[in-house]
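I open this notebook to record what I looked up, entry by entry, for a reader new to the structure.

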Amino acid sequence: LDRSFRVSVTARAPEKIALHRSRGLDVVPFDGTSPSAEVDALLGRITHLLITAAPDANGDPLLRQHRPGLEASRTLRWIGYLSTVGVYGNAAGGWVDETTPPTANSERARQRIASETAWLELGRKTGASVQIFRLGGIYGPGRNALLDVLAGTARRIIKPGQVFNRIHVEDIGGMVRAGMAHPDAGPIFNVVDGNPSGPQDMVAYAAELLQKPAPPEVLFEEANLSPMGRSFYAENRRVSNVRTLQSLGYRLRYPTYREGLQALVAARDFEREPPLDA
């Protein structure tokens, strides 16, 4: 919007549709369960397409419902797909980069790898530039350890050697825009801050910034996590962003979670809703 783009978004929930329209966006209802004439009309005129919807057992929802329109588009030049570093699987704490082959250790990873492949194939067929952005754990306004500390829900779970990879939401936007500006920079980008650390460290630092006591440490074996929560601890890897930053010519605003949390506290910005969270 700030560069005179005309921006259209899809959304499912009525409250999200109303929110986006109040921000001046063109909103098209689309839930991925059936084709949409409005989406088809958009595909006939857009130049840049960013996919944020997760795949399911039946594949990518936009490809499933609108592949013919995508293949027929004469205006589409760039496609960005938000994926996850989860496609790298478990590296036992070792480093991975953009050249590391994906490893499907879960159904979610298999679905993501299949969607990445499908979008890259569409790009080869249509001539559009396709860029895959593999995201680490997202934090920012409305979604951060500061809120967890204030709510009393933060936990310092200890699993020796375990690290997580993170990225501030503003740096996601920055890297995506850099990709649009450099459509030939490459197909795969690791959208992480490049400084993996133990999950308990971020919680402790958030408490320190808020001048609150850190929650007690809890051993992983005693944490009573949900199956989804345990799945995040089943894989351990350090994700490098060196190639991505060099190829995009991008400089991180928040090179570690420390700078990210500091900025949120300084702006008193950690409690507002995250922007355009469809």
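**Entry 1: the chain as a whole**

I began with the contacts between residues at a separation of 6 or more, and I found that 80% of them in the chain join residues 24 or more positions apart. I note here that the model is a predicted one.

I then looked up the secondary structure, and the chain has 10 helices and 12 strands. Its radius of gyration is 19 Å, close to the 19 Å that the globule rule gives for 278 residues, so the chain is as compact as a globular protein of that length. I also took the box along the principal axes: the C-alpha atoms fill roughly 55 × 40 × 35 Å.

**Entry 2: burial, surface and charge**

I asked what share of the 278 residues is buried, and the figure is 46%. The chain exposes about 14,300 Å², and 51% of that area is supplied by carbon and sulfur atoms. For charge, I recorded 33 positive and 30 negative side chains. The centres of these two sets lie 2 Å apart.

**Entry 3: T244 and N190**

I turned next to T244, which I located in helix α9, residues 242-248. Is T244 buried or exposed? Its relative accessible area is 1%, and the cut-off for burial is under 20%, so T244 counts as buried. I looked for a polar partner of its side chain and found the side chain of E98, at 2.5 Å. Leaving out residues up to four places away in sequence, T244 touches E98, M175, I188, F189 and N190.

The last residue in that list led me to strand β10, residues 188-191, where N190 is found. N190 has a relative accessibility of 0% and therefore counts as buried. Which side chain does that of N190 join in a polar contact? I found it to be the side chain of Y88, at 2.8 Å. With neighbours within four places in sequence set aside, I listed the contacts of N190, among them Y88, V96, D97, E98 and R134. The list also includes M175, V239, S240, N241 and T244. I note that E98 and M175 appear for T244 and again for N190.

**Entry 4: G142**

I looked up G142 and placed it in the loop between β7 (137-139) and α5 (145-151). Its relative accessibility is 30%, so G142 counts as partly exposed. How many residues apart in sequence are G142 and D269? I recorded 127, and the C-alpha atoms of the two are 8.1 Å apart in space.

**Entry 5: positive phi at A92 and N224**

I closed with two backbone angles. Phi of A92 is near 55 degrees, a positive value in a residue other than glycine. A92 sits in the loop between β4 (78-84) and β5 (95-96). At 67% relative accessibility, A92 counts as exposed, the cut-off being over 50%.

N224 likewise has a positive phi, of about 55 degrees, although it is not a glycine. I found N224 in the loop between β11 (217-219) and α8 (227-233). Its relative accessible area is 71%, so I entered N224 as exposed.

Terms used: Residues numbered from 1 in each chain as written. Predicted model: local features only at pLDDT ≥ 70, side-chain atom pairs only at ≥ 80, totals over all residues. Heavy atoms only, no water. Helix = DSSP H or I, 4+ residues; strand = E, 2+ residues; numbered from the N terminus. Rg over C-alpha atoms; globule rule 2.2 N^0.38 Å. Buried < 20%, exposed > 50% of the residue type's maximum accessible area, 1.4 Å probe, protein only. Contact = heavy atoms within 4.5 Å. Areas by Shrake-Rupley, 256 points an atom, 1.4 Å probe, with all protein chains shown as cover. Lys, Arg positive; Asp, Glu negative; His and termini not counted. Charge placed at Lys NZ, Arg CZ, Asp CG, Glu CD. Polar contact = N/O pair within 3.5 Å; in protein donor to acceptor, adjacent residues only side chain to side chain.
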